[in-house]
Amino acid sequence: MAPVTETVLTAPDYDLGATLSSGQAFRWRERDGAWEGVLGAQWVRLRQVEGAITATTAPAVERWDWLTDFLQLHVNLRQILATFPDDEPMRSAVAACRGLRLLRQEPWECLASFILSSTKQIVQIQQIVALLCARYGQAITAPDDRGQVHAFPRPERLAALSAAQLRECKMGFRAPYLQGTARMLADGEVDLNAIAARSLPEARAELLRLPGVGPKIADCVLLFAFGFPEAFPVDVWIRKALQQFYFPRRRVTQPRLERFKESHFGPHAGYAQQYLFHYARTLKAW
DNA sequence: GGCCAGGCGCGTA
DNA sequence: TACGCGCATGGC
């Protein structure tokens, strides 16, 4: 058994399962009532308990800031929810998604994962990412009965692969996009580390230079990895939700929808977006 | 078996 | 600027 470290992290108003399965991150699996995943080179198991999250990691660590940052445990959820518009759709979404949180992910993994996400269901994205890590990620320490566990492969590793090798991970037409982006990062043509300090428009423009990255994927990375609170990804679910909740019985044009999402949801629009996304996906009939 | 999936890039008007 | 289409792959 590999050496592990355990701790208890205070986490009020936190729905761990909803958060880890809500289409932000793609490497977390439920097992025996706990959630297991990989952060950097750490294998991690998280378990929800009353008002807290218990964490186990391998190899052993002395600090936990990398995990509390990922989980965004310092964030006061009530204060954020209070900034949402007081309308019926948002009230319903908040009521349906108690404790849903935004994570703070490593930018490259987030970017690569969402390049692989286009016209894929969340379960399929998980499968592709799992294949990519198993084939090309560095092996890391984990409990013996978990089998071989891998880190997310670095851009330099993917940049050195052929498109055919990437396609073996079932990513289809996304392979050249991921390859092109990995190469631009490996070559230093775009520097993800420099993006965090920029303004939202500048950061967005920089991400849009990458192949396979359009407005939606850029906004996902800006929100889920760089923490720009106003970034508001519009995918098919959100488009449908905005259309039906806010513009029933009339077709809304794309520019109109753009103006609406930028003006209606307040300073934490991205958080509101995640609530609408998760809520919409729970609705059986529209 | 057809439709759709946390879209993007490119060609056309 | 604003559509329409093709792009792999798999779940339902």
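Trainee: What makes the approach of the Gln124 side chain to DNA strand C a polar contact?

Mentor: An N or O atom in that Gln124 side chain is 2.7 Å from a sugar or linking oxygen of DNA strand C. The cut-off for a pair of N or O atoms is 3.5 Å, so the Gln124 pair qualifies. Keep in mind that this is a predicted model.

Trainee: Which other residues have polar atoms close enough to DNA strand C to be listed that way?

Mentor: A polar backbone atom of Phe173 lies 3.3 Å from a sugar or linking oxygen of the strand. Arg174 uses a polar side-chain atom, placed 3.5 Å from a base nitrogen of DNA strand C.

Trainee: Which residues surround DNA strand C, and how do they divide by class?

Mentor: Thr119, Lys120, Gln121, Gln124, Arg167, Lys170, Gly172, Phe173, Arg174 and Pro255 do. By class that surface has 2 nonpolar, 4 polar and 4 charged residues. As for the strand's own atoms within 4 Å of the protein, 53% belong to sugar or phosphate, and the rest to bases.

Trainee: On to DNA strand B: which residues come nearest?

Mentor: There are 30 residues around DNA strand B, and the nearest are Gly23, Gln121, Ile122, Gly212 and Gln273. Sugar and phosphate make up 62% of the strand B atoms that come within 4 Å of the protein.

Trainee: What makes Gly23, Pro233 and Trp237 polar partners of DNA strand B?

Mentor: Check the distances one at a time. Gly23 has a backbone N or O atom 2.4 Å from a base nitrogen of DNA strand B. For Pro233, a polar backbone atom is 3.5 Å from a base nitrogen. Trp237 puts a polar side-chain atom 2.9 Å from a phosphate oxygen. The definition asks for N or O atoms within 3.5 Å, so each of these three pairs counts.

Trainee: Which elements give two or more residues to the surface near DNA strand B?

Mentor: Helix 6 (122-136), helix 12, helix 13 and helix 15 do. By class, the surface near DNA strand B comes out at 15 nonpolar, 11 polar and 4 charged residues.

Trainee: Since helix 13 came up, which of its residues are buried, and what covers them?

Mentor: Helix 13 (residues 236-246) has Ile238, Ala241, Leu242, Gln243 and Tyr246 buried. Their cover includes helix 4 (88-96), helix 14 (254-264) and helix 15 (269-282).

Trainee: Why is the Asp219 and Arg204 pair called a salt bridge?

Mentor: Their closest N and O atoms are 2.8 Å apart. The limit is 4 Å between a Lys or Arg side-chain nitrogen and an Asp or Glu carboxyl oxygen, so the pair passes. Asp219 is in helix 12 (residues 215-224) and Arg204 in helix 11 (residues 200-207), so the bridge ties together parts 15 residues apart in sequence.

Trainee: Are those two partners buried or exposed?

Mentor: Asp219 has a relative accessible area of 4%, and buried means under 20%, so Asp219 is buried. Arg204, at 23%, falls between the 20% and 50% limits, so Arg204 is partly exposed.

Trainee: How many salt bridges does the structure hold, and which residues are joined into one network?

Mentor: The structure holds 13. Arg31, Glu36, Asp145 and Arg146 form one network through shared partners. Within that group, the Asp145 and Arg146 side chains meet at 2.7 Å, N to O. Asp145 is at 52% relative accessibility, and the line for exposed is over 50%, so Asp145 is exposed.

Trainee: How do you know whether Asp86 and Arg91 are exposed or buried?

Mentor: Asp86 has 66% relative accessibility, which is over 50%, so Asp86 counts as exposed. Arg91 has 42%, so Arg91 is partly exposed. Their side chains meet in a salt bridge at 2.6 Å, N to O.

Trainee: Why is Thr5 called buried, and which residues does Thr5 touch?

Mentor: The relative accessible area of Thr5 is 15%, and the cut-off is under 20%, so Thr5 is buried. Thr5 sits in strand 1 (residues 5-10). Leaving out residues up to four places away in sequence, Thr5 touches Ala55, Thr56, Thr57, Ala60, Val61 and Trp64. The Thr5 side chain also reaches the backbone nitrogen of Val61 at 2.8 Å.

Trainee: Last one: which residues of the largest nonpolar core touch the most other members?

Mentor: Trp108, Leu132, Leu178, Phe265 and Tyr275 do, out of 74 residues. Apart from that core lies another of 20 residues, with Leu20, Phe70, Leu71 and Leu103 among them.

How values were computed:
Residues are numbered from 1 along each chain as its sequence is written. Chains are lettered from A and ligands numbered from 1 in the order in which they are written. This is a predicted model: local features need pLDDT of at least 70, side-chain atom pairs count only at pLDDT 80 or more; totals for chains, interfaces and linings use all residues. Side-chain values use heavy atoms; hydrogens and water are left out. A nonpolar core is a set of buried Ala, Val, Leu, Ile, Met, Phe, Trp, Tyr and Cys residues joined through side-chain atoms within 4.5 Å. Buried means under 20% relative accessible area, exposed over 50%, partly exposed in between (1.4 Å probe, protein chains only). Helices (H or I, at least four residues) and strands (E, at least two) are DSSP runs, numbered from the N terminus. A polar contact is a pair of N or O atoms within 3.5 Å; within protein, one must be able to donate a hydrogen and the other to accept it, and residues adjacent in sequence count only if both atoms are side-chain atoms. Contact means heavy atoms within 4.5 Å. A residue is near a molecule or strand if one of its heavy atoms lies within 4 Å of it. Ala, Val, Leu, Ile, Met, Phe, Trp, Tyr, Cys and Pro count as nonpolar, Asp, Glu, Lys and Arg as charged, and the others, Gly among them, as polar.
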